[in-house]
Amino acid sequence: MRLHQLSNAAGVALFAILAGACVLQAQNRYERLTAPGPGPYGVPQATFFVHRLGTDHAEGITTLDMNGDGWPDLLSGAYWYQNPGPQGGVWTRHQYREVGIVDEFVADCGEWTIDVNHDGRPDVVTAAWQTNGIVWYENPGKPDVMWKRHFITNSYDTEGGWEADINGDGKPDLIFAHYGHMGVLWIDFSGPTPRVHHVGLRAQDGHGIGVADIDGDGKADILTPYGWFRQINADKDQWEWHGDWQLGDASFPILGYDVNHDGKMDLIYGQGHSYGLYWLEQKDNGGSRQWIRHPIDESYSQIHALKLVDLDGDGQPELLAGKRYRGHSGHDPGSYDPLVVYYYKIDRKTATFTRYAISVNGTAGAGTQFITQDLDLDGDIDIATAGKTGVHFFENLKVNKVPKTEREKEILLDTHWPFPGEGQEVKQEEEPKK
C-alpha cells in the first residue's frame, strides 16, 4: 500500500514512526569523542586530577606567592610548596617556619593570609587546638629566612576559624570557636594592630563557627553550634543571642545559604566528628523562626570543612565537602572508612543536592580547610587540602594545559619492565596475510 492511499491520520502516524526510526538510527550512530562530554543525564561535570604534594601532617593550609614569580604557592604547617605553573611538574617543598608537634598532630588547625602589620607583605595567621593562642608569622620579604612568630591573643582548644567581613568595613576579619567553650572571639585586622573582640558566654561557644545574615538586615550575624548572635553593632560588641538550634560538633564553617530560594537564609553544616551532612531550613512560624533539619548525605564521617564555590563554571555555587582523617586520633565513628572528597550541585527549585565525586578511596581528604582558587592560573577553580595523609592539589581539568609528556610522569605506570621473573621480551605476532 502506498503512503498516498492511507488516511491522513494513518499517514501522519506512519511518518512519525519512520521519523523516529531515523532519529534513533542517528542517535545510535558511532561518534568518536575527542574531548570530555557531560556526565550522567547530560549534566556538565567538573573533573579533577589529584596530586599528592607531600606527606607532612599539618591540617591548615593557605596560599601566598612566596618567591615573587607570580604563581600562588601552597603553605601548610612549617612548609611551603612551590607552584610549578600551568605546565605541571613537581611542587618543591621548602621550610619557612617552625610549628609545635603533639603526638600525631601538628599544632595547626587553620591558616589565613593577611597583611597584619600593613607593610605590603602578606603575613600568615594561625591557630591550633593543641597549643594556646592566635598567632601571626611575619613575612620578612627575603628568601630563605625563617619567619618571626608574634602572639595576638589567648585562645585555648581552638578547633577552627573562618574568614569573613564581620563589621562591614570591606576588610577581612577572622572568627574562632573553641572545643572547650572558651567563648567566641573575632579579630579585626584593619587597624595598625589586631583588635580582639569577645562575643557571648562560654556556653554559646563550641565546635563550629560561621558568619551569615540570618535576619536579612544587611549585617553579618555569628553562627555557633547552639544558636546565633544577631549583630547590633559589631565594633561596639553589641550582639543579641538566639538559641535556635543544636548542631553538635558542627563544621568550619557553618554555612549560610538560601537552599530553597524562598528569600530566607538557611544553614548547611557537617558533623566534624561523626557521620552526616545536613541543611537547616528557616521557616516563618507565626512571626517566629522555626528551623527544620534535612539530611543531605550521611554516608561518610568527619565532615570538618565545607566551602561554597562555583567549581564547574555555571555561575552557581556548588557545596564542597569531604572526610577528614583521624580527627580524634582514630577514635571518631568512621575514622577508617575510605577518604572521600565530593561536590554537590544544589537545585534550589527542589532544595535537593546531587553528589559528584572528586576523589574516592585515595589519599586525599578534606582536613580542616579547603583552598579554592585558580592555582595554576589557567582559568578554572582548583582545590587544595592538607591533613594527616598529606598536602593535595586538585587540578581542575576544565582547562588543561599540562603536556602529555609531563602528565605521563604523574600516571601510576612503572616503565621499568620487564620485572624480575616476569618473562622474556617477545615479538608482536600478526595474523598471516592471505
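These legends go with a set of close-up views of a predicted model.

**View 1. The largest cavity holds about 70 Å³.** Of the 13 residues around this cavity, G85, G88, W91, D376 and F393 sit closest to its centre. Sort the lining of the largest cavity by class and you get five nonpolar, five polar and three charged residues. If you go hunting for more enclosed space, the structure has three cavities of 30 Å³ or more.

**View 2. The second largest cavity comes in at about 50 Å³.** Its lining takes in E59, then R324 and Y325, then G365, A366 and G367, and finally A386, G387, K388, T389 and G390. Split by class, that lining has three nonpolar, five polar and three charged residues.

**View 3. The largest pocket has a volume of about 410 Å³.** Here 17 residues make up the lining, and F49, V50, H51, R52 and E410 are the ones nearest the centre. Which element gives the most to the lining of the largest pocket? That would be β1, with five residues. β1 covers 48-54, and α2 (404-410) also supplies at least two residues of the lining. In this pocket the lining counts eight nonpolar, six polar and three charged residues.

**View 4. Strands β26 and β27 make a hairpin.** β26 (residues 340-347) and β27 (residues 352-360) run antiparallel, and eight bridges join them. To get your bearings, find V340, which stands opposite V360 in β27. Four residues lie between the two strands, and A351 in the turn has a positive phi of about 55°.

**View 5. The largest nonpolar core has 18 residues.** The members that touch the most other members are I268, L277, L319, Y344 and F353. Two or more residues each come from β20 (255-257), β22 (275-285), β23 (288-301), β25 (318-322) and β26. Of these, β26 gives the most to the core, with four residues.

**View 6. A closer look at I268, from the largest nonpolar core.** Which residues is I268 in contact with, once its neighbours within four places in sequence are left aside? One group is P253, I254, L255, Y257 and V259. L277, Y278 and W279 are in contact with I268 too, and so are I296, L306, L319 and F353.

**View 7. Two cis peptide bonds, one leading into P253 and one joining W417 and P418.** The bond from F252 to P253 has omega near 5°. You'll find P253 in the loop between β19 (238-242) and β20, and P253 is also one of the contacts of I268. For the bond between W417 and P418, omega is about -5°. P418 lies in the segment after α2.

**View 8. Two aspartates with positive phi, D103 and D237.** D103 isn't a glycine, yet its phi is about 55°. Look for D103 in the loop between β6 (101-102) and β7 (105-106). Is D103 buried or exposed? With a relative accessible area of 74%, D103 is exposed. D237 isn't a glycine either, and its phi is about 60°. D237 belongs to the loop between β18 (227-233) and β19. At a relative accessible area of 37%, D237 counts as partly exposed.

Methods
Residues numbered from 1 in each chain as written. Predicted model: local features only at pLDDT ≥ 70, side-chain atom pairs only at ≥ 80, totals over all residues. Heavy atoms only, no water. 1 Å grid on protein atoms, 1.4 Å probe; cavity = no way out; pocket = protein on both sides within 12 Å on 5 of 7 lines; lining within 4 Å. Points joined across faces, edges and corners; volume = space filled by probe spheres on them. Nonpolar A, V, L, I, M, F, W, Y, C, P; charged D, E, K, R; others polar. Pairing = 2+ DSSP bridges. Core = buried A, V, L, I, M, F, W, Y, C linked by side-chain atoms within 4.5 Å. Buried < 20%, exposed > 50% of the residue type's maximum accessible area, 1.4 Å probe, protein only. Contact = heavy atoms within 4.5 Å.
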